[in-house]
2 protein chains.
Amino acid sequence: MTAPQWLNEEELRAWYAFVAAGALINRRLDQQLKDDVGITHLQYEILVRLDAAPDREMRMSALADALLNSKSGLTYQITQLEKAGLVTRRSCPSDPRAVYAVLTDAGRCMLEQAAPGHVAQVRKLLIDVLTPQQLATIADGLTEVTHRIQSSEADPAR
Amino acid sequence: MTAPQWLNEEELRAWYAFVAAGALINRRLDQQLKDDVGITHLQYEILVRLDAAPDREMRMSALADALLNSKSGLTYQITQLEKAGLVTRRSCPSDPRAVYAVLTDAGRCMLEQAAPGHVAQVRKLLIDVLTPQQLATIADGLTEVTHRIQSSEADPAR
DNA sequence: GGCCCCAGGTTCGAATTTGAACCGTCGCGA
DNA sequence: TCGCGACGGTTCAAATTCGAACCTGGGGCC
């Protein structure tokens with residue numbers, strides 16, 4: 001057994017910065033979106049994905065995957081968004097099991113209202129604080145991180 | 001009014017990688033700690049902070065600040081940890097309003113059990129995926145990010 | 001001293017998240 | 001064709017989180 005590989009100072013610094021930045025940014029984004037247009041960051045992301053999808057609709061499970069969220073969590077959120085009139089459900093004719101979430105016009109409108117403020121916040125909190133150099137490094141590194149995690153999720157032999 | 005500063009491709013890549021990595025890593029850490037020793041990542045962090053503090057105790061509010069968590073959330077978690085015997089509360093003699101959370105021996109023991117697996121997971125998911133170069137860049141960049149956010153929180157004139 | 005406001009925690013109810021159990025198809029192999 | 005395990009979503013109860021309201025004691029100010 002190898003000795004427990006503690007984190008050295010530099011590693012610890014990176015780790016804590018990563019965790020803290022994630023927590024703080026998430027909180028602020030939620031805050032801003034709720035104050036601004038009354039939806040959460042998660043709901044905003046749902047609208048974004050739907051808007052980007054062909055015909056502005058997606059299968060529940062595809063959406064859940066894209067959002068890295070549990071199936072039941074998505075069911076709940078879609079129900080909320082449906083109550084708010086931003087999204088509707090549509091069942092797939094070819095496969096009665098499948099359900100599509102569809103962005104409504106109101107949802108699109110909401111997205112247009114919400115996007116500028118949200119993007120501005122993302123800029124202010126993260127993007128504009130970093131140099132393009134740093135951004136590129138972060139993008140490369142963390143993309144690799146997410147790829148590895150996701151592939152190990154799919155992989156039965158972890 | 002400036003035109004809405006959309007994110008360019010590189011910025012978007014960084015942003016999504018950042019969000020995704022944060023979400024995935026958090027989920028995995030929670031998972032691993034719960035499977036392993038039955039506590040959440042948040043609870044683990046509480047134990048870590050207490051263990052690092054002088055006399056292994058901290059004021060509730062200091063702890064809440066350190067964890068970037070709401071006061072009520074901390075109250076809840078400390079109550080849970082107290083039920084589990086990992087922490088006790090102690091009121092401060094000099095100021096009856098203040099409450100200290102104190103790490104118990106059982107808490108210390110739990111921490112010792114949990115730490116190796118947790119650190120290994122952090123390594124596997126993040127640290128070991130990145131080069132020291134990348135780590136340094138991330139540490140620098142995200143430290144700056146958290147500093148700015150935190151200082152703007154304290155600042156009344158945002 | 002008496003008043004008022006603030007800081008430190010807790011409590012409360014509402015909203016969200018999670019994981020497990022469930023229900024109705026689908027599609028493949030016997 | 002039948003059976004059966006896997007898939008796609010939903011439901012449910014339990015745990016957690018959040019924010020606002022609430023207590024209590026401390027200190028400054030008159």
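How many bridges pair strand β2 (residues 87-91) of chain B with β3(B), and in which sense? Five, in the antiparallel sense. Some notes on this and the rest follow.

1. Ground rules. This is a predicted model, in which local features need pLDDT of at least 70 and side-chain atom pairs count only at pLDDT 80 or more, while totals for chains, interfaces and linings use all residues. Residues are numbered from 1 along each chain as its sequence is written, chains are lettered from A and ligands numbered from 1 in the order in which they are written, and side-chain values use heavy atoms, with hydrogens and water left out.

2. The strands of chain B. Back to β2(B): its B:T88 stands opposite B:V102 in β3(B). Strand β1 (residues 57-59) of chain B also pairs with β3(B), antiparallel again, over three bridges. There, B:M58 has B:A101 as its bridge partner. For the terms: two strands pair if DSSP finds at least two bridges between them, and helices (H or I, at least four residues) and strands (E, at least two) are DSSP runs numbered from the N terminus. Strand β3 (residues 99-103) of chain B is mostly covered, with four of its five residues buried. Buried is under 20% relative accessible area, exposed is over 50%, and partly exposed is in between (1.4 Å probe, protein chains only).

3. The sheet in chain A. Here we have an open sheet of three strands in the order β1-β3-β2, with antiparallel pairing. The edge strands, each pairing on one side only, are β1 (57-59) and β2 (87-91) of chain A. From one strand to the next the twist averages 30°. Five bridges join β2(A) to the antiparallel β3 (residues 99-103) of chain A, and A:R90 has A:Y100 as its bridge partner in β3(A). Helix α2 (residues 41-52) of chain A packs on this sheet and touches β1, β2 and β3 of chain A; its direction makes about 95° with that of β3(A). Contact means heavy atoms within 4.5 Å. Axes are lines fitted to C-alpha atoms, for helices over the stretch in contact, and angles run from 0 to 180 degrees between N-to-C directions.

4. Arginine over tyrosine. The bridge partners A:R90 and A:Y100 are worth a second look: A:R90 lies over the face of A:Y100, at 4.9 Å from the ring centre. In chain B, B:R90 lies over the face of B:Y100, at 4.9 Å from the ring centre. The cut-offs here: NZ of Lys or CZ of Arg within 6 Å of the ring centre and within 35 degrees of the ring normal.

5. Aromatics between the chains. Over all chains, a search of the whole structure finds three aromatic pairs. The ring centres of A:F18 and B:F18 are 6.2 Å apart and the planes are at 80°, so this pair is edge-to-face. A:F18 lies in helix α1 (residues 9-37) of chain A and B:F18 in helix α1 (residues 9-37) of chain B, so the pair joins two chains. Both A:F18 and B:F18 are buried. Ring pairs link A:W15, A:F18, B:W15 and B:F18 into a cluster. Rings of Phe, Tyr and Trp (its six-membered ring) pair if their centres lie within 6.5 Å; planes under 30 degrees apart count as stacked, over 60 as edge-to-face and the rest as tilted.

6. Helix packing in chain B. Helix α2 (residues 41-52) of chain B packs against α5(B) at an angle of about 115°, with the axes 10 Å apart. Among the residues that meet are B:Y44, B:L47 and B:V48 in α2(B), and B:M110, B:L111 and B:A114 in α5(B). Farther along, B:Q121 sits in helix α5 (residues 105-125) of chain B. B:Q121 is buried, at a relative accessible area of 13%. Leaving aside neighbours within four places in sequence, B:Q121 is in contact with B:R28, B:L29 and B:Q32.

7. Two backbone points to check. Most residues other than glycine have a negative phi. B:D55, not a glycine, has a positive phi of about 60°. B:D55 lies in the loop between α2 and β1 of chain B and is exposed, with a relative accessible area of 65%. B:L68, also not a glycine, has a positive phi of about 60°. B:L68 lies in the loop between α3 and α4 (71-83) of chain B, and at 18% relative accessibility B:L68 counts as buried.
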